[in-house]
Amino acid sequence: MRLTADTIVVGAGMVGAACAHALASAGQRVLVIDDQRGGATAAGMGHLVVMDDTPAELQLSALSVRLWQQWSQQLAEDCAWHACGTLWLAANAQEMQAAEEKRARLQAHGVACSLVDARQLQAMEPALRSGLHGALHVAHDAAVYAPNAARWLLEGPSTPAALQRRHAQVVAIEEPSVRLSDGTVLHAQAVVLATGMHATALCPELPLRAKKGQLLITDRYPGTVHHQLVELGYVTSAHHATGPSVAFNVQPRPTGQLLIGSSREFDDTSRNLNVAMLEQMLARALDYLPCLRDCNAIRSWTGVRAATPDGLPILGPHPERPGLWLAVGHEGLGVTTAPASAQVLAAQMLGHASPIDATPYLAQRFALTGALHAG
Ligand SMILES: Cc1cc2nc3c(=O)[nH]c(=O)nc-3n(C[C@H](O)[C@H](O)[C@H](O)COP(=O)(O)OP(=O)(O)OC[C@H]3O[C@@H](n4cnc5c(N)ncnc54)[C@H](O)[C@@H]3O)c2cc1C
């Protein structure tokens, strides 16, 4: 049997691109296959943010933000790297207490951050409404234009020559081979599944649930906002919600445009805008940033996050399908966590030491037994 590559990576979104880059950098011959239907990478916000809902999320996102800092030295201009930092906004005394607790958790993990009081916050972001109690400033968070960053990993100056690409649709994984829609079968020693929410078409037993989100971008208003602004209530109002929710989340793009989020709706994979949700999202944004009333919106769109039951990605071998490796379920944090996810996966595949404990991300934490194989 002739091997097309050592590893075939299915999916060229942010996660697949990072995995392919890591494996090829470690000396593997890698073929990346993508049919360009697109996914969350093209739809997301690109906020590179340390999140700390669980210790495992904190270790994966903190390592990733450090790795992004290293990439930022070489990223192409069109990746729109923006070292904006994050301001987690506290609207009341209770949220200020949450900011203090978050500060302690992040600093204990070596993440640079500091509390700012109401007066300092007003000086840092004069466009915010008055009356906020303060914020947590996380200095090394950043933002990036993820589709171009994924392409930079696959086609940039740092891309190893051993990384090849192919435009094709994978219709089945017959581990460790893939079958394309034209009937071609490509063989490799390993296959990495990194097709985001589309992964269940090839691996139906994966416990992934769609969380749709809507975003809106304005015309150019340079200097209006300087940091990524996120309400601390985001953690309760959006991140942990079991029903539809919105939260204030605004990113200043290097162009001067303002990217406004965010919303979450479960189990809807359509591309349709939900106008009622959009109205709620914008009402929340206007509450924090009243000046948005005078801004022109130029585009709004949706995307789908692929969520696991515990909110952590699945990184590791499929428990029942030898040769199939999983890099899926990155929900609303996959642009951030792609670099560390790739390192964790590559270390397992190559038998190297993992930079962080891989246990919390293994598929074994879910029951994938009785698996149906996609054909
Ligand atoms: C509204 C919204 C806002 C977000 N904001 C942020 C944020 O601020 N920060 C952050 O870190 N993350 C954010 N995310 C999450 C982030 O975008 C995702 O976690 C991440 O992009 C997932 O990348 P991926 O490579 O796993 O999947 P995807 O980007 O979905 O890529 C999957 C790829 O697989 C290909 N594919 C699928 N099926 C096949 C097949 N059968 N054959 C061949 N190719 C196939 C597709 O063409 C696609 O290129 C957001 C997501 C959304 C929706």
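## Confidence in the model

pLDDT is the predictor's own confidence in each residue, on a scale from 0 to 100. That matters here since this is a predicted model. Over the protein, pLDDT averages 95, and 96% of the residues reach at least 70.

One stretch to flag is residues 370-375, where pLDDT stays under 50. Even so, the model gives that stretch 16 contacts beyond four places in sequence.

## Salt bridges

Side chains of opposite charge can pair when their charged atoms come close. With a cut-off of 4 Å between a Lys or Arg side-chain nitrogen and an Asp or Glu carboxyl oxygen, the count here is 16 salt bridges.

Let's start with Arg37 and Asp35, whose closest N and O atoms sit 2.7 Å apart. Arg37 is partly exposed at 40% relative accessible area, and Asp35 is partly exposed too, at 23%. Both values fall in the partly exposed class because that class runs between the 20% and 50% cut-offs.

Next up is Arg284 with Glu231, where the closest N and O atoms are 2.5 Å apart. Arg284 belongs to helix α9 (residues 275-288) and Glu231 to strand β13 (residues 228-231), so this salt bridge ties together parts that are 53 residues apart in sequence. How exposed or buried is each partner, Arg284 and Glu231? Arg284 is partly exposed, with a relative accessible area of 32%, whereas Glu231 is buried at 1%.

Then there's Arg264, which meets Glu331 in a salt bridge at 3.2 Å, N to O. Arg264 is in strand β15 (residues 257-266) and Glu331 is in the loop between β18 (324-328) and α10 (334-350), so the pair links parts that are 67 residues apart in sequence. Arg264 and Glu331 are both buried. Elsewhere, Asp52, Lys102 and Arg105 are joined into one network by salt bridges that share partners.

## Phe366, after the last named helix here

Phe366 sits in the segment after α10. Is Phe366 buried or exposed? Its relative accessible area is 14%, which is under the 20% cut-off, so Phe366 counts as buried.

Which residues does Phe366 touch once neighbours within four places in sequence are left aside? They are Pro207, Thr308, Pro309, Asp310 and Ile314. There's a long-range pairing to look at as well: the C-alpha atoms of Phe366 and Leu206 are separated by 8.7 Å, though the two residues are 160 residues apart along the chain.

## Asn148 in helix α6

Asn148 is part of helix α6, which covers residues 146-155. With 12% relative accessibility, Asn148 is another buried residue. Setting aside residues up to four places away in sequence, Asn148 touches Asp78 and Cys79.

## The cavity

How many cavities of 30 Å³ or more does a search of the whole structure find? The search turns up one. The largest cavity holds about 100 Å³ of space.

Eleven residues line the largest cavity, and those lying nearest its centre are Glu57, Gly311, Pro313, His330 and Leu333. If you're thinking about the chemistry of that lining, its residues split into four nonpolar, five polar and two charged.

How values were computed: Residues numbered from 1 in each chain as written. Predicted model: local features only at pLDDT ≥ 70, side-chain atom pairs only at ≥ 80, totals over all residues. Heavy atoms only, no water. Buried < 20%, exposed > 50% of the residue type's maximum accessible area, 1.4 Å probe, protein only. Helix = DSSP H or I, 4+ residues; strand = E, 2+ residues; numbered from the N terminus. Contact = heavy atoms within 4.5 Å. 1 Å grid on protein atoms, 1.4 Å probe; cavity = no way out; pocket = protein on both sides within 12 Å on 5 of 7 lines; lining within 4 Å. Points joined across faces, edges and corners; volume = space filled by probe spheres on them. Nonpolar A, V, L, I, M, F, W, Y, C, P; charged D, E, K, R; others polar.
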